[in-house]
Amino acid sequence: MCGRDMMCCAQTGSGKTYTTNGVAERAAVALFAALPAGAAVLAVCVEVAGSKRDLSLGAAEVGRLIAAGKADAVDVAEDYLARIAACDDQNIFITVTAGRARTEAEASSKRHREGKALGPLDGVPMAWKDLFDVEGTPTTCASDLYRGRAPAGADAPTVANCAWAGMVCLGKV
């Protein structure tokens with residue numbers, strides 16, 4: 001169960017972090033309402049009281065922990081996927097790409113073990129606003145008008161660039 005004490009934060013490409021607190025879905029909605037139009041979101045983090053790992057860290061901090069060997073990309077992705085599943089009844093995620101997340105996290109973990117990390121974001125989990133095409137998932141813009149849309153045949157360029165950097169796609173919010 002998700003619980004009532006929740007913090008949502010998003011880190012934009014400009015480095016500014018937006019944070020909201022509140023009851024699950026309302027906190028996430030308030031977070032995205034606070035973002036400037038066209039903001040490139042680098043990370044969306046959700047922290048729920050009682051989590052075994054601090055899921056409120058920004059993208060750069062998670063990347064540093066993974067690069068330093070203090071966290072493993074697979075473990076981090078699994079923690080986020082477990083938290084997403086625990087909050088499923090709150091309808092925060094429109095689509096969860098667990099299979100893709102696990103595959104990308106395993107590849108990142110392997111690169112880190114071999115000393116071949118792609119950069120500072122390799123292994124960092126990411127959730128996309130449902131305005132971006134993510135291969136294999138429909139882009140609905142969270143609207144009934146687009147329900148039943150065919151899954152995207154390819155990632156949007158922004159999603160592809162983040163995948164190229166080794167980021168782990170958790171799904172769409």
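Buried means under 20% relative accessible area. By that cut-off aspartate 130, at 1% relative accessibility, counts as buried. That residue is a good place to start a friendly walk through this structure, which is a predicted model.

**Aspartate 130 and its surroundings**

Aspartate 130 sits in the loop that runs between strand 5 and helix 5. Leaving aside residues up to four places away in sequence, aspartate 130 touches Ile94, Pro138, Thr139, Thr140, Cys141, Ala142, Lys172 and Val173. Two of these neighbours deserve a separate word. With alanine 142, the contact is polar: the side chain of aspartate 130 reaches the backbone nitrogen of alanine 142 at 3.4 Å. With lysine 172, aspartate 130 forms a salt bridge in which the closest N and O atoms are 2.9 Å apart. This pair links distant parts of the chain, 42 residues apart, since lysine 172 belongs to strand 6 (residues 168–172) and aspartate 130 to the loop between strand 5 (125–128) and helix 5 (157–164). Lysine 172 is buried too, with a relative accessible area of 0%.

**Salt bridges**

Side chains of opposite charge can pair when their charged atoms come close. How many salt bridges does the structure hold? There are six. Three of them are set out here.

| Salt bridge | N to O distance |
|---|---|
| Lysine 172 and aspartate 130 | 2.9 Å |
| Glutamate 78 and arginine 102 | 2.6 Å |
| Arginine 100 and glutamate 104 | 2.7 Å |

Take the salt bridge of glutamate 78 with arginine 102, at 2.6 Å. Glutamate 78 lies in helix 3 and arginine 102 in helix 4 (residues 98–113), so the pair ties together parts that are 24 residues apart in sequence. Are the partners buried or exposed? Glutamate 78 is partly exposed, with a relative accessible area of 29%, and arginine 102 also counts as partly exposed, at 34%.

The bridge between arginine 100 and glutamate 104 stays inside one element: both residues lie in helix 4, four residues apart, about one turn of the helix. Arginine 100 counts as buried at 19% relative accessibility, a value to read with the cut-off of under 20% in mind. Glutamate 104 is buried as well, at 17%.

**The sheet**

Three strands make up an open sheet in the order 4-6-5, with mixed pairing. Its edges are strand 4 (95–96) and strand 5, each of which pairs on one side only. Strand 4 pairs with strand 6 in the antiparallel sense over two bridges. Along that pairing, valine 96 stands opposite glycine 171, and threonine 95 stands opposite lysine 172, the residue that also forms the salt bridge with aspartate 130. On the other side, strand 5 and strand 6 pair in the parallel sense over four bridges, with proline 125 opposite valine 168.

How many residues of strand 6 are buried? Five of the five are, so strand 6 is largely enclosed by the rest of the structure.

**Helices on the sheet**

Which strands does helix 3 touch? Helix 3 packs on the sheet and touches strand 4, strand 5 and strand 6, its direction making about 10 degrees with that of strand 6. Helix 4 also packs on the sheet, touching strand 4 and strand 6, and its direction makes about 170 degrees with that of strand 6.

**A closer look at helix 3**

Helix 3 covers residues 73–86, and its geometry can be checked: at 1.5 Å a residue its 14 residues should span 20 Å, and the end C-alpha atoms are indeed 20 Å apart, which agrees. At the start of helix 3, a side-chain oxygen of aspartate 72 comes to within 3.0 Å of the backbone nitrogen of valine 74. The buried residues of helix 3 are Ala73, Val76, Ala77, Asp79, Tyr80, Leu81, Arg83 and Ile84.

Ahead of helix 3, glycine 69 lies in the loop that follows helix 2 (59–67). Glycine 69 is exposed, with a relative accessible area of 61%. In sequence, glycine 69 and arginine 113 are 44 residues apart, yet in space their C-alpha atoms are 8.7 Å apart.

Conventions:
Residues are numbered from 1 along each chain as its sequence is written. This is a predicted model: local features need pLDDT of at least 70, side-chain atom pairs count only at pLDDT 80 or more; totals for chains, interfaces and linings use all residues. Side-chain values use heavy atoms; hydrogens and water are left out. The expected span of a helix is 1.5 Å times one less than its number of residues. Buried means under 20% relative accessible area, exposed over 50%, partly exposed in between (1.4 Å probe, protein chains only). A polar contact is a pair of N or O atoms within 3.5 Å; within protein, one must be able to donate a hydrogen and the other to accept it, and residues adjacent in sequence count only if both atoms are side-chain atoms. A salt bridge is a side-chain nitrogen of Lys or Arg within 4 Å of a carboxyl oxygen of Asp or Glu. Two strands pair if DSSP finds at least two bridges between them. Contact means heavy atoms within 4.5 Å. Axes are lines fitted to C-alpha atoms, for helices over the stretch in contact, and angles run from 0 to 180 degrees between N-to-C directions.
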